[in-house]
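Me: I'm in my first year and still learning to read these pictures. Please take me on a close look at the ligand and the residues around it, then show me what else to look for along the chain.

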Amino acid sequence: MENLVETEVPIPEISDNEVLVKVKAFSINPVDIKTRMGRGQASRLKEYNPMILGWDISGIVSKTGKSVTSFKEGNEVFGMVNFPGHGKAYAEYVAAPESHLALKPFNVSAEESAAASLAALTAWQILKEKFRIEPGYRVLIHSAAGGVGHYAVQMSKHLGAYVIGTASGRNKDFVLGLGASEHIDYEKQPFEDVVKDIDFVLDTMGGDYIDRSLKVLRCGGTIISIPSGASEFVREKAHAKGLNGDTFRVSSNGKDMKEIADLLQLGIVKSYVSEIFGFNEVKAAHRQIESGKTKGKIVVSLP
Ligand SMILES: NC(=O)c1ccc[n+]([C@@H]2O[C@H](COP(=O)([O-])OP(=O)(O)OC[C@H]3O[C@@H](n4cnc5c(N)ncnc54)[C@H](OP(=O)(O)O)[C@@H]3O)[C@@H](O)[C@H]2O)c1
């Protein structure tokens, strides 16, 4: 944690296709913590000094590059900036490519929209593009109460799936309230003892969750495993059983952010922000994610 320090840097210059965003809120993801610890995106960013963590922002456009056509000064925008790459979101001002952002819905706060960036985009890109959930599919979402999971439950339900979510008992009502039809308390029973005939597993855990999840897939079913490093064998393991498996990495995409903005505006998807931290409390925010017990999302709010 000692390598997480506050420092003064110049306001970033923008290129022709970028906007300068005065940040009102940024969200914290597990990849921030992994990167701080030398994993995650660290190897890609190691030549930057300072390395500025973070990818998820919500804020106000204060300047536009010459070629920018989608936004103008004063627009409220949000999105996941330069992932994979150097997002530099833990800052008062962020230079962001126009193509990574969307207009913030008027009825959603800066905190809720910052939350709905990397985690929501991960869920949406997997469920809409990587796998394509169809109505009636039986879907199992691991860590359904977490950042990615709580969006994935709502989105799967919206796409017409029958959703089963794993979480501890204390998050049962939360997970069912998100639209899951069943909640499995992973502390009380192994999910593979009570679930079967699943079309799709979203694995946020890795490790033995891959082998255990393969047991509950129906013939021809698919698992997508997203924890970095933990899932390199998912493809081979799935294929050995005649199933489909793959890893996935989210990437910045303003068109997908616009779809998420629409889902937020219509109330189809909501961000559950369990805690809001100040800019001087980023270490506490990291400790919260490190607990592995974060409910929904946590966000840092700027004045
Ligand atoms: N590849 C990609 O593009 C990508 C994108 C986003 C995230 N990720 C990765 O995906 C993982 C999840 O990210 P996240 O943002 O959703 O994390 P998170 O918000 O920190 O997840 C916290 C949640 O995990 C739940 N949990 C902990 N142990 C569990 C278990 N054994 N079974 C079921 N639920 C459990 C907790 O629920 P309880 O409190 O009820 O236990 C808590 O709500 C991380 O490894 C992250 O780096 C990858």
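Reply: Let's start with a term: a polar contact is a pair of N or O atoms within 3.5 Å. Keep in mind that this is a predicted model, where local features need pLDDT of at least 70, side-chain atom pairs count only at pLDDT 80 or more, and totals for chains, interfaces and linings use all residues. Residues are numbered from 1 along each chain as its sequence is written, and side-chain values use heavy atoms, with hydrogens and water left out.

Now zoom in on the ligand. Around it are 26 residues (a heavy atom within 4 Å). Lys 34, Ser 168, Arg 170, Tyr 186 and Thr 294 come nearest. Arg 170 has a polar side-chain atom 2.6 Å from an oxygen atom of the ligand. Lys 293 also points an N or O side-chain atom at a ligand oxygen, at 2.8 Å. With Tyr 209, the partner is a nitrogen atom of the ligand, 2.8 Å from an N or O atom in the tyrosine side chain. How much of the ligand does the protein bury? Taken alone, the ligand exposes 940 Å² (Shrake-Rupley, 1.4 Å probe), and 89% of that gets buried by the protein.

So what is this shell made of? Sorted by type, the shell has 12 nonpolar residues, 10 polar ones (Gly counts here) and four charged ones (Asp, Glu, Lys or Arg). Helices H1 (30-36), H4 (118-130) and H5 (147-158), plus strand E7 (162-167), each give at least two residues to the shell (DSSP runs: at least four residues for a helix, at least two for a strand).

Away from the ligand, look for salt bridges (Lys or Arg side-chain nitrogen within 4 Å of an Asp or Glu carboxyl oxygen): the whole structure has 13. One of them joins the side chains of Asp 199 and Arg 218, at 2.3 Å from N to O. Asp 199 is in strand E9 (198-203) and Arg 218 in strand E10 (217-225), so this pair ties together parts that are 19 residues apart in sequence.

Last stop, the backbone. The peptide bond from Asn 49 to Pro 50 is cis, with omega near 5°, and Pro 50 falls in the loop between helix H2 (42-45) and strand E2 (56-64). Phe 83 to Pro 84 is cis too, with omega near -5°. You'll find Pro 84 in the loop between strands E3 (76-80) and E4 (93-97). Lys 88 lies in the loop between E3 and E4 as well, and its phi is near 55°, a positive value in a residue other than glycine.

Note on methods:
Polar contact = N/O pair within 3.5 Å; in protein donor to acceptor, adjacent residues only side chain to side chain.
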